[in-house]
Amino acid sequence: MAAQELILILDRTVTGSQADLENARNFLAKAAEQNLPELLKQLSDILNTSTNNPTARTQAALQLKNALYSRDDIKAFQDRWLLIPEDVRNHVKNNCFNSLGTETTKPSQAAQCVGYIACAELPRGQWRDLIEQLVANVTTVGRPDNIREASLEALGYICQDIDSNVLVPQSNVILTALVYGMRKEETNDHVRLAATTAMLNSLEFTKNNFQNDSERHYIMQVVCEATQSTNLKIQVAALQNLVKILTLYYDYMEYYMGPALFAITMDAMKSTHDEIALQGIEFWSNVCDEEYELQLLQQEAQDQNRQPERSSRYYARGALPYLVPVLLQRLTMQEETDDDDDWNPCKAAGVCLMLLANCAEDTIIQYVFPFVSENIKHTNWQHREAAVMAFGSMLEGPDVATIKPIAEQAIPFLLELLRDSNVAVRDTTAWTIGRIFEFVSQAVMNDELLRALGNALVNRLADEPRVATNICWSFSSLARAAYDHAECSEEDDTPNTYLLSPFFDEIVKKLIETTDRPDGNQSNLRNAAYEALMEMIRHSPKDCYVTVQKTTVTVLDRLNRVISAESHTANPNDRVQIGDLQSLLCATLQSVLRKMHPNDAPLISDPIMQALLQMLKSNSGKASAVQEDALVAIGTLIEVLGLHFIKYVEHVLPFVYEALNNHAEYQICAAAVGVVGDLSRSLLDKLAPYCDHIMTHLLNCLGDDKLHRSVKPQILSTFGDIALAIGGYFKKYLEHVLNTLNQACRAQVAKNDYDMIDYLNELREGCLSAYTGIIQGLRNSVAPAGDSTLALVELQLVTGQLPFMVQFIETIARDPNKSDSIIGSAIGLIGDLVTSYGQQMIEYVERDPIDKLLTEGKRSKIMKTKTLAMWATKEIRKIKNN
Amino acid sequence: MDSSTSKKTHPRLNSYKYHGKDPDERRRWRNQNTVSIRKIKRDEQIQAKRNFQADDSMSDKSEDDREQNRFYNLDDLVIKAKSEDPTIRFDAVRSARKLLSIDRNPPIDQLIQYNFLPIFVEYLTYDQCSDLQFEAAWALTNIASGNSQQTQAVADANALPYLLRLLHSPHANVCEQAVWALGNLIGDGPRLRDYAIELGVIKPLVEFIQKDIPVTFLRNVTWVLVNLCRHKEPPISLLAVGDILPALHYLIAYTDITILVDCTWALAYLLDCGNNMIQIIIDSGVIPHIIKLLNHNELKIVTAALRAIGNVVTGTDEQTQLVLNHGALAYFPKLLKHQKDKLNKEAVWFLSNITAGNQQQVQAVIDAQLIPDVIRHLQYGDFQTQKEAAWCISNLTMSGSAQQIEYIVTQYVIPPLCNLLQQQDAQIIQVCLDALHNILKQTTISNLEALTTEIEECGGLDKIEHLQNHTNKDIYQQSYEIIEKFFSHETDDDSISTMNQAPTTPNPTNEFSFGIMNSNQAVPDNNNGNNAQFQF
């Protein structure tokens with residue numbers, strides 16, 4: 001392949017002709033397949049030949065990049081690169097490095113190539129001199145600015161993408177280059193910007209430098225000076241640095257807050273450039289995040305009677321008198337069409353105000369409330385909207401007792417503003433009313449007010465989608481609040497009635513109408529309306545049951561209509577919409593089913609089952625969320641019907657098996673695993689005839705390394721469900737299952753990977769559930785009349801596993817990362833073992849770790865764990881005393 | 001390496017209004033919810049198969065009963081308890097302790113008769129056998145939780161110094177058990193309290209508070225502190241209070257309800273021990289913290305805090321003024337409207353001590369808009385509250401200016417005052433008569449006719465006339481005097497004789513009728529001491 005030909009091909013990729021592009025793509029793919037090293041070598045040659053035309057060079061670098069990196073499979077691409085012979089790699093690396101600063105287009109493609117190669121090689125100890133060479137490029141006097149800029153960019157890419165631990169040993173040299181490029185003496189803005197951007201990426205691994213006072217002072221000085229640059233981009237990048245430094249190194253900020261950071265960020269917040277203002281506000285939002293977190297930690301430490309490791313400096317509270325006026329000012333600078341997904345200073349100010357209220361609690365009120373009173377009736381809509389926004393933002397944080405009278409006072413104004421001539425005002429007002437329901441519901445829990453609010457909200461459901469959406473969410477909050485407020489008799493957790501009962505039917509009716517609005521796609525309205533409907537149903541008292549029944553019929557009816565529409569819809573866009581609708585209807589169906597009286601469920605289960613099976617049928621073999629939703633809905637129906645579900649089991653199982661085999665779409669597989677658990681709980685030993693198949697599928701799932709790991713703990717728990725359901729019938733699976741559990745119990749994970757620690761807890765809890773189900777199932781297996789010895793015989797089948805099980809529990813007991821719920825499960829199993837095996841358990845339970853675990857359980861904050869620990873202790877005492 | 005992050009995906013946008021509730025997120029939430037519902041169902045099913053008893057104490061009792069039915073031969077047990085064999089003596093001591101842990105009628109006296117006490121006390125010194133120490137301390141705790149004689153028997157066996165020593169044990173359970181036993185002993189009365197103080201109990205207790213001990217243990221320690229402060233005949237020495245106060249000051253910043261309740265009661269008890277004690281506590285700076293607790297949403301805490309500051313205002317005018325200066329009155333609208341009668345009563349009692357103060361203090365009550373509520377209680381409150389309200393008004397008529405008295409008349413105080421004259425209780429009648437008499441005396445000539453008319457019209461005059469036949473000498477004299485001076489038109493206003501003085505001291509019938517706590521507690525057997533559950 002001649003270089004000239006390649007250049008020609010690359011040139012043609014930008015002609016705009018689809019055919020040329022296709023042609024080039026094919027050519028390159030073929031070349032890569034035939035001889036990748038050679039292709040990369042040539043591409044790098046083209047890049048590094050400054051006499052080539054710029055397009056060809058840029059395209060060559062792009063192709064090179066694509067061969068080095070894929071977002072989807074970073075590691076595979078890196079491995080492939082590393083397999084290329086060293087001489088070729090060195091050739092390519094030299095070419096890329098030497099191209100730095102020679103390109104005429106920006107940003108430098110060579111810098112990106114250097115970055116990607118570095119990410120593959122540095123962690124494996126290769127290309128060791130790269131960093132020093134790049135640093136030399138930046139700091140050597142007399143190097144052309146282009147080279148300095150591109151080298152800084154390369155450093156920035158490396159800092160951004162590489163595991164920060166790799167760079168820690170070189171943080172000093174890297175920082176030297178970055179700080180050098182950022183100094184105010186630097187005359188070239190491009191260089192300074194590249195350095196500032198790279199600095200932003202380096203902050204994570206320069207911890208050691210931040211711990212050193214003089215080094216930190218210098219970094220802070222350079223960053224603060226950069227915020228004063230006249231170049232907008234440098235200013236923004238420097239401010240981004242401050243935002244990130246605040247979060248990473250909060251504890252060191254005291255020295256800089258008063259003399260510098262406060263003034264810099266205040267000025268930024270007031271800037272007429274949105275990008276700058278956003279960073280200023282973000283800085284204070286981060287302060288709030290950090291201090292709120294610290295307040296929680298302090299509280300926790302206080303509860304445990306110890307000193308907190310870190311404490312808040314209360315910058316946010318201290319700055320309230322200065323911050324709040326600026327934020328309020330920003331709130332009035334909104335535009336009517338601000339309801340889209342753009343992020344702007346006005347929205348940022350609203351969010352920052354909410355965070356401040358959380359931090360400052362009661363103190364916020366005195367700073368915000370005067371603004372609200374002054375502006376809520378302002379002639380300018382922007383002021384009215386800002387007033388309502390400010391009011392809504394401060395509702396969460398202050399003590400409810402303090403904010404309640406203020407909320408009460410505001411309601412008449414809000415009712416009026418719900419009919420404001422300006423749509424943005426109505427939008428925010430509806431949102432604010434929802435916030436009152438959510439955080440200060442005590443202010444509205446009386447007949448009269450609820451009637452007024454309910455009427456107003458129902459009426460405004462017909463408003464523009466953005467307003468109606470907010471109203472729907474506020475109904476969701478209202479339903480929860482009213483339900484929590486209702487009184488329940490002691491033996492029943494559903495109240496007989498509540499304050500919404502008189503309006504319940506009307507609200508539900510209007511919400512159902514809203515779900516059908518033709519403009520429901522806008523502003524997420526349809527979703528919000530369905531969600532509100534579900535929350536209303538979920539939180540309905542007994543005297544609203546008729547409406548629940550009616551809603552069931554409506555939902556079923558719609559489901560059938562959608563299913564038939566699905567069969568003759570070809571347009572992919574419409575199909576997506578239909579899928580979303582089916583998902584929502586399934587979810588609504590679940591909410592009504594959970595409320596259904598046990599006698600009513602069998603009356604309507606036939607058509608429901610028909611519809612759900614139809615959904616499964618028409619989506620069979622497709623990667624579709626609909627299958628998952630239908631399976632989840634079936635699970636609820638199984639739960640509600642109990643043994644009555646037996647008549648559908650043969651119809652459902654084929655779909656369950658299909659889903660269990662769908663390891664690629666693991667959520668579908670997981671939904672099917674859930675259904676198996678539901679079947680076990682509802683059908684009990686009637687499930688036994690189907691268990692051969694079910695168990696085969698489940699064991700297959702466990703054996704597949706490709707199946708997403710999150711499904712596996714669920715499968716283990718489901719073994720427990722099945723064992724518990726079918727008792728003695730489980731014997732024939734015992735050997736397989738115990739072997740599998742043996743493996744699962746031995747799993748280990750890295751101690752510093754929080755995701756994996758969570759996963760290990762889940763996996764272990766799955767094992768505990770399985771053992772518990774097996775022991776309980778065998779113990780309670782149906783014995784012929786009067787023969788209790790049979791159960792004991794069955795239990796002997798597991799005796800050989802007892803030492804292992806106890807060892808497993810001890811492993812859990814010693815694990816400092818064990819979750820609260822796993823403590824309960826482990827103790828429960830101890831209790832079950834002791835009650836099942838009696839005396840022979842004494843030697844196992846008298847061990848120190850078990851004793852400690854029980855003590856820990858008895859001290860648990862979770863009532864369930866505590867009770868279990870008391871119970872298990874007592875059971876142990878019984879066998880000891882006998 | 002996409003350097004520019006898109007504006008649309010700004011993470012904070014999710015916090016703006018309902019932007020975070022996108023369909024995918026909600027769908028995930030719903031499915032997550034299904035998973036947790038399943039977990040709950042699974043747990044319920046597993047739990048159902050366990051031989052669990054809803055009422056835990058039931059199963060415990062049956063076990064205890066079995067234990068008791070096993071019938072211990074105490075002769076045998078006491079010999080075994082003295083055995084040289086560590087296993088035998090430990091088992092015996094534990095069995096004895098178990099006998100003492102039975103819920104109903106534990107055989108405390110029998111064990112005392114069989115001379116177990118010296119054995120238990122001796123074993124407190126066995127530092128090598130912390131389990132034995134623990135069981136012995138537990139047994140002593142339970143004996144000390146009995147009646148006063150039984151408690152005294154533990155003290156007579158010289159247990160106190162040895163229990164005190166155990167506060168330095170390296171074994172947390174032994175420490176905690178010793179604390180518990182000491183609490184029972186100290187709670188018995190001033191004698192054992194002062195003895196324990198003399199032995200130096202306060203220092204180690206206060207040190208526990210500064211250490212990192214579990215909250216359950218801290219509750220026990222606080223409970224001992226409240227027992228130290230509980231008795232006022234005679235009160236704990238001022239010196240000892242000086243040692244306890246910093247601890248109480250520290251504990252009052254806690255959020256744990258049990259600790260707060262005990263700590264506040266401890267202060268309330270101390271504040272009931274005279275003006276010198278009040279001054280010491282004021283000087284410690286803890287009063288503002290107590291006042292803030294009036295706004296706590298836990299009733300038990302509000303009750304204790306109200307009693308505490310109520311005791312402060314029985315002190316000097318300056319001490320009373322300090323409470324007012326810290327804004328205590330601001331909490332009273334809520335307290336006076338509280339649904340619990342007893343809280344209303346205490347609140348009015350508090351105010352009655354303010355209205356017994358100087359005119360500036362009376363004015364503070366008026367300015368806080370509290371008089372209408374007091375009068376409402378005078379009219380509609382339960383009897384105890386009415387009585388306090390009568391004192392409150394009566395005190396006000398004693399110390400208030402003419403103008404202040406005129407104000408309460410405009411708030412319609414006369415009808416309820418007259419109404420109470422028909423009560424059977426001589427004291428309340430007297431208080432109301434005093435009040436009416438003072439009001440009449442302070443009313444200007446121009447208003448006097450309206451006032452007498454009001455008394456007449458609400459039936460007050462009839463009642464006063466009726467009281468002239470009362471068996472109580474003071475009552476019939478005073479009612480006679482009132483009629484003479486204000487309702488018989490021949491008499492001259494100048495001949496008014498000296499009046500009875502309304503008492504300005506707190507009313508003596510005001511007993512601690514709520515917030516009563518047992519000062520003695522047995523340790524039930526189903527708790528292992530580390531995990532103590534107090535039942536107040």
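Colleague: What counts as a helix or a strand here?

Modeller: Helices (H or I, at least four residues) and strands (E, at least two) are DSSP runs, numbered from the N terminus. The model is predicted, so local features need pLDDT of at least 70 and side-chain atom pairs count only at pLDDT 80 or more, while totals for chains, interfaces and linings use all residues. Residues are numbered from 1 along each chain as its sequence is written, chains are lettered from A and ligands numbered from 1 in the order in which they are written, and side-chain values use heavy atoms, with hydrogens and water left out.

Colleague: How many helices and strands are in chain B?

Modeller: Chain B has 30 helices and 0 strands.

Colleague: And what share of chain B counts as buried?

Modeller: Of its 536 residues, 53% count as buried; that term means under 20% relative accessible area, with a 1.4 Å probe and protein chains only.

Colleague: What about contacts inside chain B?

Modeller: A contact means heavy atoms within 4.5 Å. Among the contacts in chain B with a separation of 6 or more, 72% join residues 24 or more positions apart.

Colleague: Let us turn to the interface. How many residues of each chain are in contact?

Modeller: In chain A 87 residues are in contact with 55 residues of chain B. The area buried between the two chains is about 6,200 Å², and carbon and sulfur atoms give 46% of that area. Buried area is the accessible area (1.4 Å probe) that two parts lose on being put together, summed over both. In chain A, Asn305(A), Trp343(A) and Arg681(A) lose the most area to chain B, together 12% of what that side buries.

Colleague: How many salt bridges are there between the chains?

Modeller: The count is 13, where a salt bridge is a side-chain nitrogen of Lys or Arg within 4 Å of a carboxyl oxygen of Asp or Glu. Arg38(B) forms a salt bridge with Asp678(A), and their closest N and O atoms are 2.8 Å apart.

Colleague: Which element of chain A gives the most residues to that side?

Modeller: Helix H42(A) does, with 11 residues. This helix, residues 863-881, has 19 residues and reaches 27 Å from its first C-alpha to its last, close to the 27 Å expected at 1.5 Å a residue. The expected span is 1.5 Å times one less than the number of residues. Its buried residues include Trp871(A) and Ile879(A).

Colleague: One last residue: is Thr469(A) buried or exposed?

Modeller: Thr469(A) is buried, with a relative accessible area of 7%. This residue is found in helix H24 of chain A, residues 465-485. Leaving aside neighbours within four places in sequence, Thr469(A) is in contact with Gln522(A), Ser523(A), Asn524(A), Leu525(A) and Ala528(A).

Methods: Buried < 20%, exposed > 50% of the residue type's maximum accessible area, 1.4 Å probe, protein only.
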